[in-house]
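Thanks for making the time this morning. I would like to walk you through one chain, going from its strands to its core and then to a single acidic residue.

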Amino acid sequence: RESARMDKLIGELLALSRLQADIDNQLDEEIELRELLSDIVDDAQFEANANGRNIHVGSEIEGIVRGNVALLRRAVENVVRNAIKYSDPGSTVEVGMALGAGGRVAVISVRDSATGVPESDIEHIFDPFFRSSMHARKEGTGLGLAIAKRVIESHGGSIVASNVPGGGLCVNIELPLMLG
């Protein structure tokens, strides 16, 4: 088990290193976000169901961004899988997409129904290797959200997290849309 954990950690470190090295050379694909979200949710559904959770995607908008589909998929998938991992059994992870900034950006939101994150930890959850003290016993490397942040920022976007009144964490990803 320790060997598998180290293998995962090394894989995440290599991914982070590759992202830092030359991500700008790989951002030339047109990506339909609604389709990307649907694929991610379809793949995550099995994991959610196996862990007694549900996942729901709701989006009434279409949006195309320029970037790297594999990297963007990994970033959003990291956020969705974290929400599944930390949600309470029997709960539903909500994934949505809306327009923001006057229709110039897509806002992808991923909301879980867990206990949230201590306010003092919120600003650090995207730092490499950071693990909130209340979730230190969960499996993971502490790199998934750091990778997500680097990918989103390399696509000209931003990612923020906030606690939801009544419980849960909401992660909002903003990506600039291709207009025209």
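Let me start with strand β1, residues 29-32, which pairs with β3 in the antiparallel sense over four bridges; strands here are DSSP E runs of at least two residues, helices are H or I runs of at least four, both numbered from the N terminus, and two strands pair if DSSP finds at least two bridges between them. Within that pairing, glutamate 29 stands opposite glycine 67 in β3. Strand β3, residues 64-67, has Val65 and Gly67 on a covered face, and Ile64 and Arg66 on an uncovered one.

Before going on, I should say that this is a predicted model, in which local features need pLDDT of at least 70 and side-chain atom pairs count only at pLDDT 80 or more, while totals for chains, interfaces and linings use all residues. Residues are numbered from 1 along each chain as its sequence is written, and side-chain values use heavy atoms, with hydrogens and water left out.

A second antiparallel pair is formed by β6 and β7, over six bridges, and there valine 160 has asparagine 172 in β7 as its bridge partner. Five residues lie between the strands of this hairpin, where glycine 166 takes a positive phi near 90°.

Turning to the interior, 44% of the 180 residues count as buried, meaning under 20% relative accessible area with a 1.4 Å probe, protein chains only. The largest nonpolar core (buried Ala, Val, Leu, Ile, Met, Phe, Trp, Tyr and Cys residues joined through side-chain atoms within 4.5 Å) has 43 residues, of which Leu33, Ile55, Leu72, Val80 and Ile173 touch the most other members. Helix α3 gives the most to this core, with eight residues.

Finally, which acidic residue is buried yet has no salt bridge? That is aspartate 112, whose nearest side chain of opposite charge, arginine 111, is 6.8 Å away; a salt bridge would need a side-chain nitrogen of Lys or Arg within 4 Å of a carboxyl oxygen of Asp or Glu. Aspartate 112 sits in the loop between β5 and α4, and a polar atom of its side chain lies 3.1 Å from the backbone nitrogen of alanine 114. The same side chain reaches the backbone nitrogen of leucine 169 at 2.8 Å. Leaving aside neighbours within four places in sequence, aspartate 112 is in contact (heavy atoms within 4.5 Å) with residues including Ala83, Tyr86 and Gly168.

How values were computed
Buried < 20%, exposed > 50% of the residue type's maximum accessible area, 1.4 Å probe, protein only. Lys, Arg positive; Asp, Glu negative; His and termini not counted. Polar contact = N/O pair within 3.5 Å; in protein donor to acceptor, adjacent residues only side chain to side chain.
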